[in-house]
Amino acid sequence: MSTTRKRVYGYLAEFKSASALYKGAEKIRDAGFKKWDCYSPYPIHGLDGAMGMKRSILPWFVFFGGMTGTATAFALAYSTQVVIYPTIVQAKPANIFTIPAFFPIMFELTILFSGFTVLFGLLALIQLPRLNHPLFASKQFSRATDDGFFIAIEARDSKFSPTETRELLASIGGSSIELVEEED
Amino acid sequence: MANIFPRWSNLLPLKIAVCAGSAAAGVALAFAYYATPKSLVVGYQPSQPIPFSHKIHVDQLGMDCRYCHSFVDVAGHSNVPTGSTCWNCHQHVQRNSPKLAPLHKSMDVNYPGYDGKPIEWVRVHKAPDYVYFNHSAHVNRGISCQSCHGDVNKMEVVYQAESHSMGWCLECHRAPEKNLRPLEEVYNFNYNAETYLANNPQLGIKTTEDLGLKLKEQFMVKPKVTCATCHH
Amino acid sequence: MSKRIWHHPEVPVGETTVAWRSVGQLEDTAEFRQWMDREFPRGAAELANDDEVETSRRSFLKLMGASTALAGFGMAACRRPEGYIVPYTKAPEWVIPGNATYYASAMPRATGATPLVVTTFEGRPTKLAPNKLHPDAEGTDAFAQASVLDLYSPSRSRVILKSGKSAPRAELEKVIAGLATDTAAKIGFLFGADDSPTRVRLIKQLAEKYSDGRFYQYEALASESSALAVGDGVKLVADFSKADRIVSFDCDFAGTDSQGPVTPFFDRRKPEGKSYTEKPDASSMNRLYSVEAAYTLTGGMADHRLRIASSQITAVAAQVARGLGVNAGVAIVTPELTDAKQIAWVEGLVADLKENAGKSLILAGSRQSVALHLLAYAINSKLGNIGEGKPLLAVQSGTKGLGSLTKLKSDIDSGKVTTLVLLTPGNPIYDAPADLKFAESFAKLQTSIHLGTRTDATAHASTWHIPAAHYLEAWSDASTARGTHTVVQPMILPLYKDCVSEFELLLALLSTDGKLLNGEGEKGAASPAYAAVRATFSALAGEEESAWKKFLRDGFLAGSKYATATPASRSEMSVEQPASAPTKDSLEVIFATDSSIYDGRWIDNGWLQEAPDPISKLTWDNVALIAPKTAKDLGIYEEIIALETPTASKSPDSEGENRKSPMIKVEVNGQSLEIPVLVSFGQAENTIVIPLGYGQGFDQHDELKRGPHNATHVGLVGVNRGFNAYPLRTASSSYIATGAKVTSTGNRYSVAITQEHNGMYGRALAREVSTLKDEEKGSFDAQLAGVAKQGNDSHAPPNVSLYKPEDRAGKTLINDPLHQWGMSIDLSSCMGCNSCLVACQSENNIPIVGKEQVARGREMHWIRMDRYFATQKDNTFDSDNPALVPQPVACVQCEAAPCETVCPVNATIHTEDGLNAMAYNRCIGTRYCANNCPYKARRFNYFDYNKRNPLISHNLYKGPFGETQVGEAAHLQKNPNVTVRMRGVMEKCTYCVQRLKDAVIRQKRGQKQEALLAGKESIEMQVTSHTLRIPVDSVKTACQDACPASAITFGNLLDEEKSALGRSKRIDRNYDLLNYIGTRPRTSYLARVKNPNPKMPDAQFIGKATVHMV
Amino acid sequence: MASTTQTAAESHTGVKIPVLKREKLILSGRSYHWITDRICGVVENRQPFLWWLLFIPSALIALIGVGGGLTYLVSTGVGVWGMSNRVFWGFDITNFVFWIGIGHAGTLISAVLFLTRQNWRTSINRAAEAMTIFAVVCAGIFPAFHVGRVWFAWFLAPVPNANAIWQNFKSPLLWDVFAVSTYFTISLIFWYLGMVPDLATIRDRCKPGVRKILYGIFSLGWRGGNRQWSHYEMAYLLLAALSTPLVLSVHSVVSFDFATSVVPGWHTTIFPPYFVAGAIFGGFAMVLTIMVPARFIYGLQDLITMKHIDNMAKIILLTGTIVGYAYLMELFVAFYSGSIYEMDAFKFRIAGPYWWAYAAMMSLNVLSPQIFWFKACRENLWVIMCVAMCVNVGMWFERFVIIVTTLARMWLPGDWKSYSPSGVELMTFVGTIGLFLALFLMFLRFLPCINIAEVKWTLLESDPHFDDIEDHPDHGTNIEAAYQKELVSAK
């Protein structure tokens, strides 16, 4: 340990409740920090606003993903059934009028592609999987998935200052303030 | 709590995903290329009990296909010649060639090892059991032997020249004009559509494509692509 | 181009896997030859002994051609398996590998030979069809169709037996040589009842050679009544084309009791003429009256059917005779009818006969008494029906003067016969009347030589059994019903080297040295039978080669026929009084000819066993049939079994594999038999019908634990099948026994029935109209016009589809301009026999599945022969006599086929020429198509029926551990142009698409011929649909070809009025089955027309099966 | 929701605000940590003896029934089942539709109730989703293996091939393939995404070791930061929004298998809604069947409260009545049609050879849930379990009635023949029940069976304004009031 050089990740402070976290977040937002985050065992309503975050853009991804699904299904069905190898099936047309029969699969592929877009879009947006993270080095941080409410401000933030930030956290009700260091 | 995963593990899922993705794509591509009749059967060239040369018999001697494959235009199956067909000539021609030993064994009653059993030729072209391909339906309607069997007249040893996959069959059934010939030219391995047109200016056809289309119309060739055409 | 050269590895010794290729076509057929080919015997000899059977079976298959040898499955599995093409060394004449060759032949039968055309592939006979050139041509019945399977039957006799044990041929040859030289031998010959000119000739020679030779004739169900009535060797042959009125007294002339070619009868059931050329005219139709106890095929066709116990039929005939004023000599002896309804019925009949004197036909059933035959003859004579150009002709058949079995027995007992040669297809040890005790006498014989295709009871009881050559393996000749001299020619050398034909055996005995030559003569000459047949022919038609060739080609000698005979007048002959009418305590037992196995000879024929009985729909067994009321009276059922129940409930015996019939004990003639019971509609009260021929052998798997008993007498098909009723018969009550007692035993026996529900349940499926005016539905014409509007179709709105079957260019999808296939099935002439069903099985490689699977409802027949009974609620004449309407249902090739749309993998789609195609190799077996098929015409391969023997108990359920193969040679029957389906795929009728394709391709070849004839370059020839469309009515489906009733019409719809099909589609009787769904089937049905006599008391109830349905 | 309008809340400004009084979803005033402990405890503690008692037989039954049954089936042929050339589908598709239907409640609880903000779903949605997945697994076995040549099942996939042949996109069966596989995939994603934070919880509670690594991998490094929660919640919402039409489509497509056919008794437009309602109905019954004992075994009474059970009972009552309506409507339409085929199809269902199946369906599905009109019945767990079991059985019979009784008596009386299942078929069906239970027990053993994060979120103190309303007259017992308060003060 002693030989390892450590880089500072940032400060981690615990708050006693969701309300405290909410209020703390508002303060930090107002203080102009950018690279920081609130950690809670469950999603807290309204925290996005308190943190000054924008609405997720995931729906847009999914919309286009879904459209791709629709188009794929239509292209697959239409090309194989009408263009490449039209077959005579129960006196049904082998032309554009046959597309009602493609609707179920178009629908299903829309959903399927959307679903995959949700999954992979989400992972991309929240940058997971990321199995190693400096915060995991913090002992108290394990309570973030149980009953702990935390705010971590990263040292990368331009407003970050080893002392002032710590004070700020303490002033807004943060306790057990800890300097989290990254293993190099 | 300490980190249980080392830092390098952060990029690992991505790396794994990329590698697995490209491996899967590679396998799919390789499969798509190699596991098709085109790569599996084209070029199959087994050695035959008698090294019969189509090149000599067709190209040099100018024999017609139907001399040996005598039922090709009346039957679904193109027959392989009987022993007596070979023996007809070869009891006189090249009689003592050691290559003909199996024929002697089969046909020559005076041959020491004569057993009268037929020659077992190794099958080159094989349609699956459930495919009923009819030779006579094709050769009588302007599809040449060459279209499916390749330049047999140039083959010392016969090999499979085309994939004979269902997709390959359908290609021609959908656009037969690419392969149609005048009936007189079906067995002509040196047929060349352009030469044919040059020799027959009275037809007033300019391009080989037009020739195909004209033949298709003239012969009322409307190949079917539904199942029962080949499977029953 | 040649990317790589693969030198195949050396084939490891013993590593030759032989794969049967369903396509038996290839040029690789090697040494397998026709009869003329010298190379075959070596191959056949490989099947010689049982020890080598495993290896020889394989090499045999290879020899039989059509096989692809796959080598190197062991070490070189990853490579392409090596396949070989094995051409003939010397090509046999006429054989084009892959193309069928057709030969004329005939199947010899007691009622006159059935002329046939045999389809062979590289020498293998695969399919039989009627020879339509033949003057006595009629269709082929199920027996004829199925007889090709006997050739390849795994249970076929193949080795010489001495007292039931395999014996060397040399020993037999010594015996024959001994007999041949001993002209003083007390030798008897027992022949079958069929008539063969050469046999007649040989019998004469034998009689000359053997001063003490005696000749007998026996078949279990060849009755002597007719001969006793009209004279020895005299036959009364009906010409149905000339008969306007037909009365059948218990005569199933359309089924198992043939009285002459029957097709003309059916032609006259069509009011529009036999190929639908005329306007519908009731007067062109014939009228059939049937008097019988239980439904037969003929009874089902009848316009008027009187239900009465068999023993009482003579009384009806006598009443008719009296009514017509026939000489009282025979008429007086029988009691008069007392039932007013019956009297009225007879009166109506008599009046009709009087009006149609000279154009009517009275037929007496062969199982009936001499008295009835005398009566029938007397009536016919009185009406002037007999003679040249009349409906009935008396002819003198060649075979006469042969003794009966009773005579044979007494001759054996008295020592006049010590050596007996049995050439009959009968099986006297098993099927002789019980009181004759024939087996006891048989045992007294010093030598008995039995020639037969089966190792049946007689084969085992004889000192010598010789395996007989099948009629497709032997030279012979035969006479048809009217005596046309018809050739029976071999298609193939006997499959097994010791198989001997009847003539070969007789000729060996006739020869001086007694040398037995079979299959081939000496030094490659033809069989000696060939010379004998030819000699007979030469005597008739001269020595010219061309005449002989024509005979072989056409199959018959034109102009040959039996001489007419004048039957002796025997009206004074005294006849027995018929027994009194049966009662509940004294029942009548009727021993019936079985529609599947005849007299028991076809017990080992799987196709026939699995073909459902046309009336009872029972397969694989025989049961006692009994009328519903009688069943209740006897306490077998608590209630009268109804034809239809309001809720389509299961029968009290359950359904499917759970169906178990109650068993009864029948006591008659001092014997008893425990047998299961089925209720039979339309049967006379207090009668029991028991079909004969079953119960020949049992092994340890028998359901009733009857075995092992005579297990070696039958093969896997026939073992444990049914109940033997022969012991109940006596010589005097061979067909009808009275005074029977029945008790319910409380046991049950599983029965496999293909149709469990007998009524139409208010659905106008098999439609019927009457030529008689209906109070509600109007005249005949009005009824005809209303055919398409019967039942639900009367009020269902038309089906209008928003979808148009068009492609992208707006062109209709079913667009073949040359051929659009269609079919019509005329219910007016369909009688519901199984001919089409078996023909289809033979043509399309349909496997049998065994009793257990049939019971489960898994039979594979592509044609399901539905048979409906229809009762009139207000039928005051006889409400227990429902109408019988058969309806064969195969795939109807709907243009809007519901099966197609539901297949996820496109395995079943429509072809451009209107077929609902089935690509077996694409099918994954979801079975959705079959569920969505309204006609339930699809069949699923639940097991590998072709690869696992379904006949071995539970074998199918053993999967990979089960016994493979149905037999050693059964594969050879397979049609090479039809895929043999594996398990897990759906299959169904495709209008014999292989035949259609073959015809179309043949027609295409004509293009070149035309160009050559015109002397033009092909490119200058304008090909038209005339060149490419097959000639009108030139292709036949297997079912159509086989149909003896010409009920099936098939053809190209584009031929329109030119074709019989086109005409049949335009007549009023034409309707689509289940039109309501809008499937637009290509197979339509023509409603049945009943032609009742308005003067009959039951006339108003005839032809009403569906007419009042809404 | 049981609710009474109260005018209790009186704000600082003196405005009277009508608010809804709600029952608490978590009882006994449990803390966050208690919830974590309780739920993770199920995974972390030694399994109760009862677990083993259930798991071992279930696994064995699954192994023999499904493993053995299918091995025999594939090696021997579909003939080992009881179908015939008359009744081509029997237990196979009955079971398929049955299991697929079961699955629907899971998606419904997690997606539809999520979208409609029914917070009471949080305690049961995880298990219900798991049930969906396992039910779809069981369901998928049947269509996959009922085909005659399962080794060619890949023909169903639109893969370019040398035969240049494709699938029939007009076939409802192909729709089924797409629908069911999409359904399975989406359900799996939904289930898994929902579980990631909870897996992280378990990860963080684990001692270092294999378990920690495994949970670590599957929780993807979840940290619970709001920048993750924000996207995560959106993703969850989207999946819920996608799953809702999906779940409706899947059973509609399954019903198309029947509805698009020409078979009398199948060919009817009522099928899609009727099937969906039936699926929800059957699914909820199965959720109850499983959750009531699980709640007891693992002591989750405070999380899965009587209110949850009451709500589910009401849904069963509702959907059961819808299903009953559909049954009657089918009859009405059949007899109204004037077609003898339609009329007979239903006549034979009611009174024909399978009348007992119809009677079972009617009494178990339509009549038995009616006792839920009585509150006492909705509060008695024994009654609830009985009704749930009745509905499970009844819904199976519904499918049996639809498939078998119809096929056994179709158009032509000549082909009528009854069907009875073979032993192998029964064994496979029982095997799938075993498989379902075994999978579910494994789920209980290894995965958080209740959504920890979401349950915490239903606690009153989870609200970020909870502290602000401490001084309110309600003392924070009425969260709605708190919102209202904020609303007013914002003005």
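**View 1. Chain D splits into two domains, domain 1 (1–26 + 461–491) and domain 2 (47–148 + 164–458).** The bounds come from an automatic or database domain assignment. Where they meet, 4 residues of domain 1 of chain D and 11 residues of domain 2 of chain D are in contact, a contact being two residues whose C-beta atoms, placed from the backbone, lie within 7 Å. On the side of domain 1 of chain D that touches domain 2 of chain D you get 2 nonpolar, 1 polar and 1 charged. For that tally, Ala, Val, Leu, Ile, Met, Phe, Trp, Tyr, Cys and Pro are nonpolar, Asp, Glu, Lys and Arg are charged, and the others, Gly among them, are polar.

A quick note on what you're looking at: it's a predicted model, with pLDDT of at least 70 needed for local features and 80 or more for side-chain atom pairs, while totals for chains, interfaces and linings use all residues. Residue numbers start from 1 along each chain as its sequence is written, and chains are lettered from A and ligands numbered from 1 in the order in which they are written.

**View 2. Chain D as a whole has 16 helices and 2 strands.** These elements are DSSP runs numbered from the N terminus, with helices being H or I of at least four residues and strands E of at least two. Of the 491 residues in chain D, 59% are buried. Buried here takes 20 or more other C-beta atoms within 10 Å of a residue's own, exposed is 12 or fewer, partly exposed is in between, and the C-beta atoms are placed from the backbone. Take the chain D contacts between residues at least 6 apart in sequence: 78% of them join residues at least 24 apart.

**View 3. Chain D meets chain C through 53 residues of chain D and 62 residues of chain C.** On the chain D side, helix H2 (49–76), helix H5 (172–205) and helix H10 (340–351) each chip in at least two residues. H10(D) gives the most, with 5 residues. That side of chain D breaks down into 28 nonpolar, 17 polar and 8 charged.

**View 4. The largest nonpolar core runs to 534 residues.** A nonpolar core is a set of buried Ala, Val, Leu, Ile, Met, Phe, Trp, Tyr and Cys residues joined through C-beta atoms within 7 Å. Among the residues with the most contacts inside this core are A:Ile151, C:Leu363, D:Met131 and D:Val287. H5(D) brings the largest share, 18 residues. Zoom in on A:Ile151 and, leaving out residues up to four places away in sequence, its contacts include A:Phe15, A:Leu21, A:Trp36 and A:Leu169. Another core, of 18 residues, lies apart from the largest one and includes B:Ala75, B:Leu183, B:Val186 and B:Val221.

**View 5. Domain 2 and domain 4 of chain C have centres 34 Å apart, taken over C-alpha atoms.** The contact draws 25 residues from domain 2 of chain C and 25 residues from domain 4 of chain C. On the domain 2 side, helix H7 (263–267), helix H8 (297–301) and strand S14 (304–307) of chain C are the elements giving two or more residues. That same side holds 11 nonpolar, 5 polar and 9 charged.

**View 6. Chain C carries 30 helices and 42 strands.** Its radius of gyration, over C-alpha atoms, is 29 Å, close to the 32 Å of the globule rule for 1110 residues, so chain C is as compact as a globular protein of that length. The rule itself is 2.2 Å times the number of residues to the power 0.38. Buried residues account for 64% of chain C. The mean pLDDT of chain C is 85, with 91% of the residues at 70 or above; pLDDT is the predictor's confidence in each residue, from 0 to 100. Treat residues 1–78 of chain C separately, since pLDDT is below 50 there.

**View 7. Chain B is built from 11 helices and 1 strand.** Chain B is more spread out than a compact globule, because its radius of gyration of 26 Å is well over the 17 Å that the globule rule gives for 232 residues. Its C-alpha trace spans about 95 × 60 × 35 Å along the principal axes, and 33% of its residues are buried. Chain B averages a pLDDT of 89, with the lowest confidence in helix H2 (residues 37–40), at a mean of 80, and the highest in helix H8 (residues 145–149), at 93. Toward chain A, 10 residues of chain B are in contact with 11 residues of chain A.
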